[in-house]
Amino acid sequence: MASTAAGKQRIPKVAKVKNKAPAEVQITAEQLLREAKERELELLPPPPKQKITDEEELNDYKLKKRKGFEDNIRKNRTVISNWIKYAQWEESLKEVQRARSIYERALDVDHRNIALWLKYAEMEMKNRQVNHARNIWDRAITILPRVNQFWYKYSYMEEMLGNVSGCRQVFERWAEWEPEEQAWHSYINFELRYKEVDKARSIYERYILPNWIKYARFEDKHGYIAHGRKVFERAVEFFGEEHVDENLFVAFARFEEMQKEFERVRVIYKYALDRIPKQQAQELFKNYTMFEKKFGDRRGIEDVIVNKRRFQYEEEVKANPHNYDAWFDYLRLVESDADADAVRDVYERAIANMPPIQEKRHWRRYVYLWINYALYEELEVKDPERTRQVYQACLDLIPHKKFTFAKMWLLYSQFEIRQKNLPAARRGLGSAIGKCPKNKLFKGYIELELQLREFDRCRKLYEKYLEFSPENCTTWIKFAELETILGDVERARAIFELAIGQPRLDMPEVLWKSYIDFEIEQEELDHTRDLYQRLLQRTQHVKVWISYAKFELSLDSPERLQRSRQIYEEANRSMRSCEEKEERLMLLEAWRELEREFGSDSAQERVAELLPEKVKKRRKLTAEDGSDAGWEEYYDYIFPEDAANQPNLKLLAMAKMWKRQQQVEDEEEGPAAAEEEEEEESSAKEPAEEEEEEEEAASSEKPAGPSAAALHAMDPEGPRGEGPRGEEPTGEGPTPDDRDDSSSSSSEGEEEKDDQGEKE
């Protein structure tokens, strides 16, 4: 109870803080650190020195210190530093026996403490107790054999004492435990210090597996060149081709280089480069390049670079055999350096990687491997028979029922022609057209027969071509041109007639133009006019009319101008119903250019009256989802002939004219006239509302509008904004009721006009 009470009294009481508000004077952390540092710098007086004058005081001092050490040990036995301090204090008093006893007691507490064994052995060695030290080292390496420090210290002590056999015995005991690499090197260096080369070699033999290179260097250093070469050869044989080490070959090559065996070095490097993966052979390539630069010729340096690139390409094609671009680069490399057999081997490897899918886009690059192979055999190796075999193998491989490559057939036929084997070339192209007809095949075959001047064959091929593709206008044109060149005009005309009679054509405009040009070249003017008339029955395109008019104008005839003008008039009449107003405008502009160059002033004025007026309009836009997208401004053309047939436009023009007149009168009369106008407008509202409700009755009560000539006279700018023409309008302007009518009728149109437009 007393001890419990005493224990309770030793617990410090925590002060209760009643006022937790911050103090008025705050102390920062920097201030606390500064004060603590200042107090550390305060000099304390040293303890007084004690001088022992006799043996009794010495015994008292020893007793006091020993009691203190023993108390510390008794408090905590596991703290080894207390034991070491105690033993070192006894050692300082030359009490070796007591110190030894303390170390032994400490070892009983913790025999695995390395520092304790080291201090114990060092104490014995300091006091020249050799046998005791040996005994301690023996005990240490027996209990803790994996602590290398014990072995190093033990062997070093024996060597310092000159006990070579004892030191060797220590190393032998250590070697039985198969220590790390440095232990073996220490053993070897020990033997070399005493010139025991044979024993060092035997050690290397025991520890050769991870250390072939050092073993070989050891032999080289001591002048045993043959032994060193044998070590390297054994190492290469030991690792084999599966576990090849880059550093081993680099060291082997350097060893041979030092012996001036350059051919051996080159063979070693090439052997290693053929067996080591690219990513693991960077240092090997670097050393090989440096060697060739120092001792090789230009050819050797090029071989190094080529081998390096070949190695890279091998890795690429091995990773992805269907990477045809890598195969192309690889083949280009080997073609520039290797012999024919090596190149053929690479080509055979490349073409063996056939695309897995029978789709043409996957075969495009693959077929070029065959083409390059055939060209290499023909141009480089000069072997026509093997070239023919390559072409035939490729053509047999391609699935012609699904797709074909016309380029391959044409190259094969051209090759046969170069070999002066024309029947084989024709046979190949005929087989191609029979299996898989294509436009390119027909064109190539026809071009071949044209070069050979076999025109009858060309006619047959054109007939087959047109049976295969009757809608191809280019073929019809080329066929007709061939007949024209041969002088058979009637046959060419018949071909053109057959062509334009086809129900479906890809470029009919080109065909008609070629037919017309053909008739013009033959100076068949009636036939040309007939062609234009037949073409205009099919299409009313503005360019056809203009071309027809220009054709008539180009003739050397007194009636050419009249004929051309008639064509323009007929075109203008036929295009009144055309929705493309730009085309109609293009026609009128071409007509105006004609009249400017050849016509009179009256004819020019007549055409100018037909030109449209350009007005700005607005139309409503609708988004894709049907919502309102706002308004868009655009330009439209109003032709005078169309305006005469649209009363709404007349009324709109009259309303604008009346509005301008009213503005002029308002400016002259002043504010009074403005008030009168407001009264008139208010009185006119009710009739306007009634007319909106009864639209048909209101339209019958409208005042008669002016004629077309009066409308042109009222327009201050005339058509196309050329300014006022004609006389001023007679009579009074429309009343406010008429203005309302005109505005309501103009609102019935599909699109709104800008009141001002381009007129102001």
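In this predicted model, R193 counts as partly exposed, with a relative accessibility of 47%. The partner of R193 is E159, and the two side chains meet in a salt bridge at 3.0 Å, N to O. That bridge spans distant parts of the chain, with E159 sitting in helix α8 (residues 148–160) and R193 in helix α10 (residues 181–193), 34 residues apart. On the other side of the pair, E159 is down at 15% relative accessibility and so falls into the buried class, the cut-off for buried being under 20%.

It helps to step back to the whole chain. The protein chain has 760 residues, and 38% of them count as buried. Its secondary structure comes to 40 helices and three strands. Take the contacts in the chain with a separation of 6 or more: 50% of them are accounted for by residues 24 or more positions apart. As for the outside, the accessible surface is about 47,500 Å², and carbon and sulfur atoms own 48% of that.

Back to the charges. Side chains of opposite charge can pair when their charged atoms come close. Across the whole structure, a search turns up 30 salt bridges. One of them joins E124 and R100, with the closest N and O atoms 2.7 Å apart. Here too the pair links distant parts of the chain: R100 belongs to helix α5 (residues 96–109) and E124 to helix α6 (residues 114–126), 24 residues apart. E124 has 0% relative accessibility, so it counts as buried. R100 is buried as well, its relative accessible area being 11%.

A further salt bridge brings together the side chains of E359 and R361, at 3.1 Å from N to O. Neither residue is in the buried class: E359, at 34% relative accessibility, counts as partly exposed, while R361 counts as exposed at 60%. Elsewhere, salt bridges run through a network that links D341, R344, E377, D383 and R386.

The aromatic side chains come next. A pair of aromatic rings is described by the distance of the centres and the angle of the planes. The count for this model is 21 aromatic pairs. Among them, F69 and Y86 are stacked, with 5.0 Å centre to centre and 15° between the planes. Because F69 lies in helix α3 (residues 55–75) and Y86 in helix α4 (residues 80–92), the pair ties together parts that are 17 residues apart in sequence. F69 and Y86 are both buried.

W327 and Y330 make up another stacked pair, so classed because the planes of their rings are at 25° and the centres are 6.4 Å apart. This pair stays within one element: W327 and Y330 are both in helix α18 (residues 324–337), three residues apart, which is about one turn of the helix. Both W327 and Y330 are buried. Ring pairs also build a cluster, made up of W151, Y152, F171, W174, Y187, F190 and Y194.

Charges and rings meet in this model too. K360 lies over the face of F405, 5.1 Å from the ring centre. In the same fashion, R618 is placed over the face of W631, at 4.9 Å from the centre of the ring.

That brings the story to the strands. Strand β1 (residues 613–622) and strand β2 (residues 628–638) run antiparallel, joined by nine bridges. E613, for one, has I638 in β2 as its bridge partner. β1 and β2 form a hairpin with five residues between them, and in the turn G626 takes a positive phi of about 95°.

K620 gives a handy view of this hairpin. K620 has its place in strand β1, and at 53% relative accessibility it counts as exposed. Setting aside neighbours within four places in sequence, K620 is in contact with D628, G630 and W631. For K620 and W631 the C-alpha atoms are 4.5 Å apart in space, although the two residues are 11 apart in sequence. W631 is also the residue whose ring face has R618 over it.

Conventions:
Residues are numbered from 1 along each chain as its sequence is written. This is a predicted model: local features need pLDDT of at least 70, side-chain atom pairs count only at pLDDT 80 or more; totals for chains, interfaces and linings use all residues. Side-chain values use heavy atoms; hydrogens and water are left out. Helices (H or I, at least four residues) and strands (E, at least two) are DSSP runs, numbered from the N terminus. Buried means under 20% relative accessible area, exposed over 50%, partly exposed in between (1.4 Å probe, protein chains only). Contact means heavy atoms within 4.5 Å. Accessible areas come from the Shrake-Rupley method with a 1.4 Å probe; for residues, only the protein chains shown count as cover. A salt bridge is a side-chain nitrogen of Lys or Arg within 4 Å of a carboxyl oxygen of Asp or Glu. Rings of Phe, Tyr and Trp (its six-membered ring) pair if their centres lie within 6.5 Å; planes under 30 degrees apart count as stacked, over 60 as edge-to-face and the rest as tilted. A charge sits over a ring if NZ of Lys or CZ of Arg is within 6 Å of the ring centre and within 35 degrees of the ring normal. Two strands pair if DSSP finds at least two bridges between them.
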